Amino acid sequence: MFIQVTGVTVQVRAYVTRNIEMVTDSRNCEQCGVLFTPRREHARFCSARCRVAWNRLNASDPPAEGGALGWTITAMRETIDRLLRARGWDDAVLAGHEAAERRAIEGTFGGLRFVRNQMGYYLDHADFIQPGRGAIAAWTWRSLPEPGLDSLPARGQEWEMTRYREYQAWLAAQPVGDTFRRAAAFLRRTSETCLTPT
């Protein structure tokens, strides 16, 4: 396209966007800075590689120094990192469970995604956990009020409300240890399935 400014003709490149919805949902990766269109709710990174790199650079204190809650956060980060590496064969492992157990696994991971999306942005890690007496595994997840989602696009609001409802149904008032046992058992079985020759 050419425009004329006070007798001088200047060539201007015009960029046309075909899908306006994708542009409004685009954001910059917090690790590498590249512009990307997220494929899930509050994606902050363009890839799992960038998420892992950012987490390694910004990890909290080691569990021994960070106390009991630090241990819990570290366990959750490791679980989420493994979840990010999950592939299509996980669906086959999930399909191998009875319907009730399958729903519990999906709900647990949905609830953990809500924690991941909210922690450090809107809520502090202590907002999620109700400490108790005895082992950390016996501490419970707190019930939380509905999050304010007005700043999100409609699709993001829908995603986050689904994750919130899964958090309330499958994590709130439940022991932290049960959540991680369920998640770890599924991820372990998935890993074994992946590594087993066919």
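This passage describes the confidence of a predicted model, the packing of two of its helices and its salt bridges.

The structure is a predicted model, in which local features need pLDDT of at least 70 and side-chain atom pairs count only at pLDDT 80 or more, whereas totals for chains, interfaces and linings use all residues. Residues are numbered from 1 along each chain as its sequence is written, and side-chain values use heavy atoms, with hydrogens and water left out.

The chain has a mean pLDDT (the predictor's confidence in each residue, from 0 to 100) of 75, and 67% of its residues reach 70 or more. Over residues 61-66, pLDDT stays under 50.

Helices H5 (residues 99-118) and H6 (residues 154-170) pack at an angle of about 115°, their axes lying 7 Å apart; helices are DSSP runs (H or I) of at least four residues, numbered from the N terminus. Axes are lines fitted to C-alpha atoms over the stretch in contact (heavy atoms within 4.5 Å), and angles run from 0 to 180 degrees between N-to-C directions.

Four salt bridges are found in the whole structure, each defined as a side-chain nitrogen of Lys or Arg within 4 Å of a carboxyl oxygen of Asp or Glu. One of them joins Glu-166 and Arg-103 (3.6 Å, N to O). Because Glu-166 lies in H6 and Arg-103 in H5, this pair ties together parts that are 63 residues apart in sequence. Glu-166 is buried at 11% relative accessibility, whereas Arg-103, at 36%, is partly exposed; buried means under 20% relative accessible area, exposed over 50%, and partly exposed in between (1.4 Å probe, protein chains only). Glu-166 also forms a salt bridge with Arg-163, with the closest N and O atoms 3.8 Å apart.
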